[in-house]
Amino acid sequence: MQYQGVLTKMQTEYQNPVQYYLVFENNFIHFNQLLGQNIAINFVGYQCLECGKKKKIFRQGFCYDCFMNSASAGDWIMKPELSTAHLDIEDRDLDYEKKVQLQPHIVYLALSSEVKVGVTRFTQVPTRWIDQGAVQAIPIVEVPNRYLAGITEVALKNHFSDKTNWQKMLKNEIPQVDLIKERFDIRYFLPEEVQEFFHPEKEDIYEIHYPVLHYPKKVMSLNLEKTHDFSGKLTGIKGQYLIFEDGTVFNVRSFEGYEVQLHF
Ligand SMILES: [Zn+2]
């Protein structure tokens, strides 16, 4: 079979194990069905996810101009504490920012390599955790806007990492941690404005299982910029990574906006 299309992050379904779909314009591939099979990935070109032009991708699937100008690439995306829509202050497009920022957000603890703290929109639960390759996650607070979530994350960053070690995540080197206890222990570090949203009695821990036949001992990342043609046997999918038998891992999300051909 041969497919050609522009990469976007894989769509997922929260099942045991997680189901992964790569969606192209006119068709999709159910990746779980390809476990154990040989897959070839060939780089064809670029297509910006915002303007659709065949320009080199700068970041997050956007060409340089779109990354610098698009409302969906403002600084508040990566740094939620910079959100200002709740004050009626525009960054790039106030209507868009109100729509995204002024909705329920979750601050969470997720266990992907070590325990990390993060922020996501309520509607992105548990998708966000699956995308990070977390094996467990737990909400800390649900707050009404992105700003409150952002200042909570900033306060908790002193106690937890806000990054995932992707090598450990892919090798499944994960410590034993009691997230319910961790959540209870951090109650004093929450900002004043957020205390009222903390209801720690809930047993709402998520367990996430991934379709992985066996975890690699060593990993090396496939970079389509340097290696235009790759082929290997698919042995697992975790987070947004395809894992191959030889230890090569391909982060689909890092190559959003890249047009590829796939053969299997
Ligand atoms: Zn563009």
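**Exercises on helix H5, the open sheet and Leu 179**

The buried residues of helix H5 have as packing partners helix H2 (75-78), helix H3 (94-101), strand E8 (105-111), strand E9 (115-121) and strand E10 (136-143). The model is predicted: local features need pLDDT of at least 70, side-chain atom pairs count only at pLDDT 80 or more, and totals for chains, interfaces and linings use all residues. Residues are numbered from 1 along each chain as its sequence is written.

**Exercise 1.** Determine which residues of H5 are buried.

*Solution.* Step 1: a residue is buried if 20 or more other C-beta atoms, placed from the backbone, lie within 10 Å of its own, exposed if 12 or fewer, and partly exposed in between. Step 2: Arg 146, Tyr 147, Leu 148, Ala 149, Gly 150, Thr 152, Glu 153 and Leu 156 are the buried residues of H5. Step 3: eight of the eleven residues of H5 (residues 146-156) are thus buried, so the helix is largely enclosed by the rest of the structure.

**Exercise 2.** State which strands stand at the edges of the open sheet.

*Solution.* Step 1: helices (H or I, at least four residues) and strands (E, at least two) are DSSP runs, numbered from the N terminus; two strands pair if DSSP finds at least two bridges between them. Step 2: the seven strands run in the order E1-E16-E5-E13-E14-E15-E12, with mixed pairing. Step 3: E1 (2-6) and E12 (220-221) each have a single partner strand, so one side of each is left without a neighbour in the sheet.

**Exercise 3.** Classify Leu 179 as buried, partly exposed or exposed.

*Solution.* Leu 179 lies in helix H7 (residues 179-185). Leu 179 counts as partly exposed because it has 18 C-beta neighbours inside 10 Å.

Notes: Two residues are in contact if their C-beta atoms, placed from the backbone, lie within 7 Å.
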